[in-house]
Protein chains: 2
Amino acid sequence: MSQVGTLDRPGYLLKRAQLALRQACDEQLRPLGLSMSQYAVLQALDEQPGASSAELARRCFVTRQSLRDVLSGLKTAGLVTVATETSGGRARPVTLTSSGEGHLEAAHTVVGEVEERMLTGLTGTQRRQLADLLWACTENLGQH
Amino acid sequence: MSQVGTLDRPGYLLKRAQLALRQACDEQLRPLGLSMSQYAVLQALDEQPGASSAELARRCFVTRQSLRDVLSGLKTAGLVTVATETSGGRARPVTLTSSGEGHLEAAHTVVGEVEERMLTGLTGTQRRQLADLLWACTENLGQH
DNA sequence: TCCTTTATGACAGGTTCCTTACATGGACAG
DNA sequence: CTGTCCATGTAAGGAACCTGTCATAAAGGA
């Protein structure tokens, strides 16, 4: 009866949900002058202060080259600073400015609200199931 | 005990799973000379032959401008053709070429394999749960 | 008829992400 | 010490997405 064809496919549903979440977050972050990509970098940087560009790229699951683009915007916005000294190897530590910390905190709030809105009406069990299932899917697709 | 912080957040898990799926599909589609975006357009076009550019954009959940970029590649690859006559309004119908149909069929196969790999080990009930939960999340985020 | 709305197409510009490629600093085997 | 390997930084170019803007064609109301 419920033969909808393409619309049932898990890949389609996954893409739709992620797209909706991304757009909702971007919309709420716009007044703060932040994008989702920038928010992800700030968050990674908050969890690992002084991380190198390459380290941040790994945390954000993008290439070093992609991260450079985002970092460029964050630098000109004054939210992060990149050390000029290398202190050992080639890696140059990146740190949050106080403005960056403020923006991150504000972004945490609005993103948390969007996530809560996404989960509206779901029980604790269902939320746990969703997390477990998504985790299993990611694991199944493996690194390579 | 299982305090992992950021890694538990539903948005993070959703992003991770979708990224893994996208990358896996792109990897398998590369030998066919197709990207996921192009595959999505071909699929939408197969379900609604002769659709306009704007109609395809709606089906693929992107803007008309974004779709133009993808359509441009598909045209030069000879997988679709765009009518030069408008037949009424401004909309110009797009149609799959036989080469486009062949590429789409091959793409269906490899994408189906990747989706099945993603769901490995999940029971029918779990797959249904995943679909229902993703659908609920998308609904909760609404159009705006 | 005229004007407004709506839908479509086109173009400019910018962001985020990728692949490919190259240069350099550190570590390690020979 | 030298050569190889690995991690990092840098750069160019393209793909796919966005917003903003404008022009035009169809439809509908005043």
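This is a short tour of the model, stop by stop, with something to select at each one.

Before you click, note that this is a predicted model, in which local features need pLDDT of at least 70, side-chain atom pairs count only at pLDDT 80 or more, and totals for chains, interfaces and linings use all residues. Residues are numbered from 1 along each chain as its sequence is written, while chains are lettered from A and ligands numbered from 1 in the order in which they are written.

**Stop 1: chain A**

Select chain A and switch to cartoon. You should find six helices and two strands, where helices (H or I, at least four residues) and strands (E, at least two) are DSSP runs, numbered from the N terminus. Starting at the N terminus, the order is α-α-α-α-β-β-α-α. The C-alpha trace of chain A spans about 65 × 35 × 25 Å along its principal axes. Of the 144 residues in chain A, 30% are buried; that label means 20 or more other C-beta atoms, placed from the backbone, within 10 Å of a residue's own.

**Stop 2: both chains together**

Now add chain B. A rotation of 180° with 0.0 Å of shift along its axis lays chain B on chain A, with an RMSD of 0.1 Å; the fit is by least squares on the C-alpha atoms of residues with pLDDT of at least 70 in both copies. The two copies are thus related as by a two-fold rotation axis.

Where do the chains touch? 38 residues of chain B are in contact with 38 residues of chain A, contact being C-beta atoms, placed from the backbone, within 7 Å. On the chain B side, helix 1, helix 2, helix 5 and helix 6 (124-141) each give two or more residues. Colour that side by class and you get 21 nonpolar, 10 polar and seven charged residues. Here Ala, Val, Leu, Ile, Met, Phe, Trp, Tyr, Cys and Pro count as nonpolar, Asp, Glu, Lys and Arg as charged, and the others, Gly among them, as polar. 100% of the interface residues of chain B are also interface residues in chain A, so the copies meet through the same surface.

**Stop 3: the core**

Pick out Leu21(A), Val41(A), Leu45(A), Leu21(B) and Val41(B): these have the most contacts inside the largest nonpolar core, which has 69 residues. Such a core is a set of buried Ala, Val, Leu, Ile, Met, Phe, Trp, Tyr and Cys residues joined through C-beta atoms within 7 Å. Zoom in on Leu21(B). Leaving aside neighbours within four places in sequence, its contacts are Gly11(A), Leu14(A), Leu141(A), Val114(B) and Met118(B).

Then show helix 2 of chain B. Its buried residues include Val41(B), Leu42(B) and Leu45(B), and among the elements covering the buried ones are helix 1 (10-29), helix 3 and helix 5 (98-118) of chain B.

**Stop 4: the DNA**

Finish with DNA strand D. Of the 23 residues around this strand, Ser53(A), Ala54(A), Ser35(B), Val62(B) and Ser66(B) come nearest; a residue is near if its C-beta atom, placed from the backbone, lies within 6 Å. Which helix supplies the largest share of this surface? Helix 4 of chain B does, with five residues. By class, the surface near strand D has four nonpolar, 12 polar and seven charged residues.

Swap to DNA strand C. Val62(A), Gln65(A), Ser66(A), Ser53(B) and Ala54(B) come nearest among 22 residues there. Helix 4 of chain A gives the largest share of the surface near strand C, five residues.

Key
Buried ≥ 20, exposed ≤ 12 C-beta atoms within 10 Å, placed from the backbone. Contact = placed C-beta atoms within 7 Å.
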